[in-house]
Amino acid sequence: MTMKTFPPLGEISDALVTEMSQAAGEPEWLTAQRVEAWRFFASAEPPYWRRTDLSKFRPEQVIAAADTAATSVYYEEDLTEKGVVLVTLEQALRSHEALIRQHLGAAIEPTRHKFLALNAALWRDGVFLYVPKNVTVELPLTAVFSMPIPGGAIMPRNLIILDDGANVTFVEEYHSTAASDQAFAAPVTEMFLGNDATLRFIAVQTWGEDVYHIGAQKARVGRGATIEWAAVNLGARVQHIEAETSLEGDGSRVEWVAATFAGDHQNLLTAPWLRHIGAKTEAHMDFKTVVKDQSYTTFDGMIKIERQSRATVSRLEEHALHLSPKARSDSIPGLMIDTNDVARAGHASTSGEVDEEQLFYMRSRGIPRDDAIHLIVTGFFEPVLDRIPHDALRRRIADMIEAKI
Amino acid sequence: MAVTATNLDFDYTKYAFRNEERYIFKSEKGLNEKVVRELSGMKGEPEWMLKRRLQALEIFRKKPTPLTGMWANPELAELNYDEIHYFVRAGERPQTDWDAVPAEIKQTFERLGIPEAERKFLAGVGAQYESEVVYHSLREEWAKQGVIFLDTDTGLKEYPEIFKQYFGTVVPAADNKYAALNTAVWSGGSFVYVPKGVHVDIPLQAYFRINAENMGQFERTLIIVEEGASVHYIEGCTAPIYSTNSLHSAVVEIIVMKGGKCRYTTIQNWANNIFNLVTKRAIAYEEASMEWVDGNIGSRLTMKYPSVYLMGRGARGEVLSVAYAGKGQHQDAGAKMVHIAPDTTSRITNKSVSKNGGKTTYRGLAKVAPGATGAKINVNCDALILDEKSASDTIPYIEIEEDRCTLAHEATVGRIGEEQLFYLMSRGIGEADALSMIVLGFMEPFTRELPMEYAVELNRLIQLEMEGSVG
């Protein structure tokens, strides 16, 4: 596969960023954004993340993709008739510039840290999804991101906009086979849900073991809108995902589930933030983690109930299952509550080995110990897998989990 | 049954008075090597202690104020280390003879009720007036049993071997900036040694006070509980109210040997301008039990996370704490449990109430190190927020490096239910009393673990804080 790339990071300048943006025919405001982000990237200190191991990450080896070869989109029904748009973000600049200008960077601030700035400066991959008012898309829409060359680097930028009353399922998948060179993915996904919109968002990370995945996702949810968010994290050497749901409109809701399974020497971190801003917002989070071998996972979560919110309901469940003595899991289920107008708020977290009683019960029914563990782990992840809309994808993930056990 | 409103005639002035400042030695404001040398010299300390102090001073200077990170707080930026007196001594030497205690200081104790408490049943009273213990007594039978209960300065003089063996082993000076500060300028605190198999069944008590404006208090407590021994140590703090920030930064080190038991009870009611930055840590060996019972009512900002390192098989740790934050207060309190040995168990129970713009934070660490198989940890945090101006954060760090263990963490946040309030008021209880009853009921799991006079005092303090909650 031929692929256009940037020079190594050390050889990029703001002049080059400008030049490449102009050569691609991008509008001036975008060129300015990219240059500003690049300057931040070039000058800012790297973030210090004590639970994400970047000690072996070599930024000088990062050669970023300069085309959209890593992005593929799939859909099964005719979208044009309904006015639904699912194209690469680059393409959409020609047809929906105003919408993009209004939303790009409006959920995730590029200067929060160096990696987000890098994405904002160099993104080429990524999709634009727009669903017009009151339009329902029955079948799931999918964007798949691959690693076109071994040891490559991609920085997809995804913009998902649902107008009022829109209803859609969007799957974001990161997948590659294993390679030995360091590969790097720094995707950013921004989601905007209009009033009464419904988004089922499925994020699947099944990179090969050579990949550093440092990404961010954020959904801003309007009045009466609902997001059902399911995340599956199985791949990569190091994963650092900062995810946020911001319940801004009154009566907005999130159902947020995640399954993480780490083995070997994987270091997978998920940092979900849940922000309650509107009145009568409701959230249920259920995060499941399995650790095996010498892997290390972190759940670094925060529920923030802002002062202006009213009658909030928020519940977080977070469970970690240990399959090996040398694996490690950290959990930080944080709460920051700035008002007493809370209907219900709380969290529960557990960590430990497979329940001996469950094992004993199954073995007393004639199921061998190893099979029983398989069943328990599969059952543990089931509520998350049930939300994956494609049979093929669900089977592939189930197989990957099986293989990991 | 008639329910009567609880009595609110609590005399707050008793806890917020100040005596005229009359000090024999008061160090210049600010901290430097000269202050540390002077302090150590006046105490007639051995050379090794002076060295430790000077090393710690270096560490204190080098470590930045923790404004960001896991155990940081941006409010610490308000501290001005140059505006603090690092050593004050009232009276010449620690006294064992009550008659020799200066009359003015006696009056202070009188108002705190120390002599009465002693008359009743207290065995030992270590009363800290300013930076050094001036009065100390110990019942004869305990002396016979070999129990040592002294102010820490005397402990260093009279038992240098025990002291040198344990001092700084649980909380090294480099642990954090404020532990380094304490190690550099510590003065006073209690030194407790309970020999093998001895059960001290009446609590040892110490009262601490701050008086001089802008004066730091840096007491250092060292408790050693030998094999199979047991002790309950109680520390209570009250302080007068001043207009500029003061700093209180204590270090407490506890070692509980095989099969030993220690309970450490604190009620902290510093004035609302005091920064209370305390490092409290215990090591529990095989089958030992360590309990921290910790109440935080006062101070501008408290940062305190009593810890237990469970180093021996079957060791047990517990932290039971409450925090109450009113106007301008931030109670950042929690617990740390570090499981290093197999079959160790721990429990953390935290209750917090915030009101009138106050903020409570639970910050804790539950850690299972590799090899601590069969460890069990249970964490429960409940926060009550009484009005919309107040806030509560929960930041539990959970680090599990072992598969054969179980951890359960549960937290809830809420406000007083309209239904509860309605029920009580329908029974003829005024709104203010009903609110106060609900808050006291919420804290009851903590209060019932306190000796009676402390429970009464705490309930009164809470009622006082709750005054004016309505309208």
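**Chains A and B, and a helix pair in chain A**

Me: How many bridges join strand 20 of chain A to strand 23 of chain B?
Reply: This is a predicted model, so let's stick to what was computed from it. Strand 20 of chain A and strand 23 (residues 405-414) of chain B run antiparallel. One of the pairings puts Ala345(A) opposite its bridge partner, Val413(B). The number of bridges joining the two strands is eight.

Me: Which elements of chain A give two or more residues to the side that touches chain B?
Reply: Start with the whole contact: 31 residues of chain A meet 31 residues of chain B. By class, chain A's side has 12 nonpolar, 13 polar and six charged residues. The elements you're after are strand 18 (312-322), strand 19 (328-337) and strand 20 (342-353) of chain A.

Me: Over to the helices. How are helix 6 and helix 7 of chain A oriented to each other?
Reply: Helix 6 spans residues 356-364 of chain A and helix 7 spans 369-385, with their axes 9 Å apart. They pack at an angle of about 125°. Angles from 65 to 115 degrees would count as roughly perpendicular and those over 145 as roughly antiparallel. The angle here fits neither, so the two helices are oblique.

Me: What is the handedness of that crossing, helix 6 with helix 7 of chain A?
Reply: From helix 6, Gln358(A), Leu359(A), Met362(A) and Arg363(A) meet Arg369(A), Ala372(A), Leu375(A) and Ile376(A) of helix 7. By class, that contact has five nonpolar, one polar and two charged residues. The crossing of helix 6 and helix 7 of chain A is right-handed.

Notes. Residues numbered from 1 in each chain as written. Chains lettered and ligands numbered in written order. Predicted model: local features only at pLDDT ≥ 70, side-chain atom pairs only at ≥ 80, totals over all residues. Axes fitted to C-alpha atoms, helices over the stretch in contact; angles between N-to-C directions. Helix = DSSP H or I, 4+ residues; strand = E, 2+ residues; numbered from the N terminus. Parallel < 35°, antiparallel > 145°, perpendicular 65-115°, else oblique. Left-handed = near helix turned anticlockwise from the far one by under 90°. Contact = placed C-beta atoms within 7 Å. Nonpolar A, V, L, I, M, F, W, Y, C, P; charged D, E, K, R; others polar. Pairing = 2+ DSSP bridges.
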